[in-house]
Protein chains: 2
Amino acid sequence: MSERAPEQPGREDIVTGIMRQWQQVHPGLDLEPIGVIGRINRCAALLQQAADAQLRPQQLTRAEFDLLGTLRRSGRPLTAGELTRETFASGAAVTKRLRRLEQHDLVERRIDERDRRVAHLTLTDAGRELADHTLPDQLNREQALLSGLPPEHREQLAERLAELLLLLEGSIGQISRAAN
Amino acid sequence: MSERAPEQPGREDIVTGIMRQWQQVHPGLDLEPIGVIGRINRCAALLQQAADAQLRPQQLTRAEFDLLGTLRRSGRPLTAGELTRETFASGAAVTKRLRRLEQHDLVERRIDERDRRVAHLTLTDAGRELADHTLPDQLNREQALLSGLPPEHREQLAERLAELLLLLEGSIGQISRAAN
DNA sequence: CAGGATTATTTTACGAGTGAAACACTTGCT
DNA sequence: AGCAAGTGTTTCACTCGTAAAATAATCCTG
């Protein structure tokens, strides 16, 4: 399917070529941000595509699975608002996703008695089982993807990304008040 | 919701906390993929949010700007199909975006005379000006975000991401026929 | 040189996400 | 107590993206 040119198996990633094109069109422009940010975006797109494909048979969206995972790892009921903040999503989106998850009997809703505005969401047994089955599966396939990288490079990548993310949370995250 | 310690300004990124939660719930599970992939996804989300905000005043979507940029850096007319592959998007999405860009007189369409199925798209003068004004702007703000990282860390990050992307293009990209 | 296979692009029908307004409560002020 | 202000969640109207079907042209191949 790819016998293009006398090209080596995998010499360059897509972004390298993109940067070369820009350099020819705008010589002298500092393209470093593309080398970092463009690659992050492409990697994210590919990885999300892979995750979506893996969740499709379970009839779950990545965003829905994110909710299940957030409930699972928190180990206690969360309110809709907490889920909104934890999953970095809009309130409207969370409402819709919760409706679907409730319809499929994966999460349950309990109205707070003190303050009847707030809803506490919990995983049902089915929801917990689904999460507990799906997460390790997901991690295995992801680890398989990453295994093509030498372990010390994976580790370095994680460290550098942590630095960057911390930085971005500081400079961009202000509005979204990511309440940790 | 988080009684963690006399919290320092920015000691940990969000993902570190998420990993700690998982470790408590599923001890023994290998969470390394979260450290890499989870962080890539979060970084991408934040960076895209920043880019969207910056493009809003220009009345452009990030995806639309991606089309303009692709045409600009290619330096020649591209067909709709080429744009589809280059921008990593679905055909339908490209059709819609091109319609909008044509309506705003940013790109022009010319039907190929040999094969009247194919459309060649070009930037108009306005489109080129917009791209030439917006890209450096974008790069400057992105460089400003990254400038919080030591230069050698930025470089290392770009290198490691290039390795990863190359790997992912090999293992995931098969379907999407990225004909380069 | 006719008619099916192939290719390039658009249309259609629909699902998912969004911001703003609405709704449903509780809190605090007087 | 009464009511304005505040808070948590849902609804509404809309945009954007997608997969699959439709359209439109070209390429074979006998």
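How many nonpolar, polar and charged residues does the surface near DNA strand C have? The count is 7 nonpolar, 5 polar and 9 charged residues. Here Ala, Val, Leu, Ile, Met, Phe, Trp, Tyr, Cys and Pro count as nonpolar, Asp, Glu, Lys and Arg as charged, and the others, Gly among them, as polar.

This is a predicted model, in which local features need pLDDT of at least 70 and side-chain atom pairs count only at pLDDT 80 or more, while totals for chains, interfaces and linings use all residues. Residues are numbered from 1 along each chain as its sequence is written, chains are lettered from A and ligands numbered from 1 in the order in which they are written, and side-chain values use heavy atoms, with hydrogens and water left out.

**Figure 1. Relation of chain B to chain A.** A turn of 180 degrees with a shift of 0.0 Å along the axis lays chain B on chain A with an RMSD of 0.0 Å (least-squares superposition on the C-alpha atoms of residues with pLDDT of at least 70 in both copies). The two copies are therefore related as by a two-fold rotation axis. The same surface serves both copies, since 96% of the contact residues of chain B recur in chain A.

**Figure 2. The contact between chain B and chain A.** Chain B gives 77 residues to the contact and chain A gives 77 residues (contact: heavy atoms within 4.5 Å). The two chains bury about 7700 Å² between them, 70% of it on carbon and sulfur atoms; buried area is the accessible area (1.4 Å probe) that two parts lose on being put together, summed over both. Between the chains there are 20 residue pairs in polar contact, both residues at pLDDT 80 or more (a pair of N or O atoms within 3.5 Å; within protein, one must be able to donate a hydrogen and the other to accept it, and residues adjacent in sequence count only if both atoms are side-chain atoms). On the side of chain B that touches chain A, at least two residues each come from α1 (14–25), α2 (32–55), α3 (62–74), α4 (80–87), α6 (125–146) and α7 (151–171) of chain B. Helices are DSSP runs (H or I, at least four residues), numbered from the N terminus. α2(B) gives the most to this side, with 18 residues. By class, this side of chain B divides into 38 nonpolar, 20 polar and 19 charged residues.

**Figure 3. Salt bridges.** Over all chains the structure holds 24 salt bridges (a side-chain nitrogen of Lys or Arg within 4 Å of a carboxyl oxygen of Asp or Glu). Between chain B and chain A the count is 2, and Arg154(B) with Glu32(A) forms a salt bridge at 3.1 Å, N to O. Within chain A, the side chains of Glu163(A) and Arg160(A) also meet in a salt bridge (3.1 Å, N to O). Because Glu163(A) and Arg160(A) are 3 residues apart in helix α7 (residues 151–171) of chain A, they are separated by about one helical turn.

**Figure 4. Surroundings of DNA strand C.** DNA strand C is surrounded by 21 residues, the closest being Ser90(A), Lys96(A), Gly81(B), Arg109(B) and Arg117(B) (near: a residue heavy atom within 4 Å of the strand). Of the strand C atoms within 4 Å of the protein, 61% belong to sugar or phosphate and the rest to bases. The side chain of Arg109(B) places an N or O atom 2.5 Å from a phosphate oxygen of strand C, and a polar side-chain atom of Arg99(B) lies 3.1 Å from a phosphate oxygen of strand C. At Arg117(A), a side-chain N or O atom is 3.2 Å from a base oxygen of strand C.

**Figure 5. Surroundings of DNA strand D.** Around DNA strand D there are 21 residues, with Gly81(A), Thr95(A), Arg109(A), Arg117(A) and Ser90(B) the closest. Sugar and phosphate make up 59% of the strand D atoms that come within 4 Å of the protein. Backbone N or O atoms lie 3.3 Å from a phosphate oxygen of strand D at Ala80(A) and 3.0 Å from a phosphate oxygen of strand D at Ala119(A).
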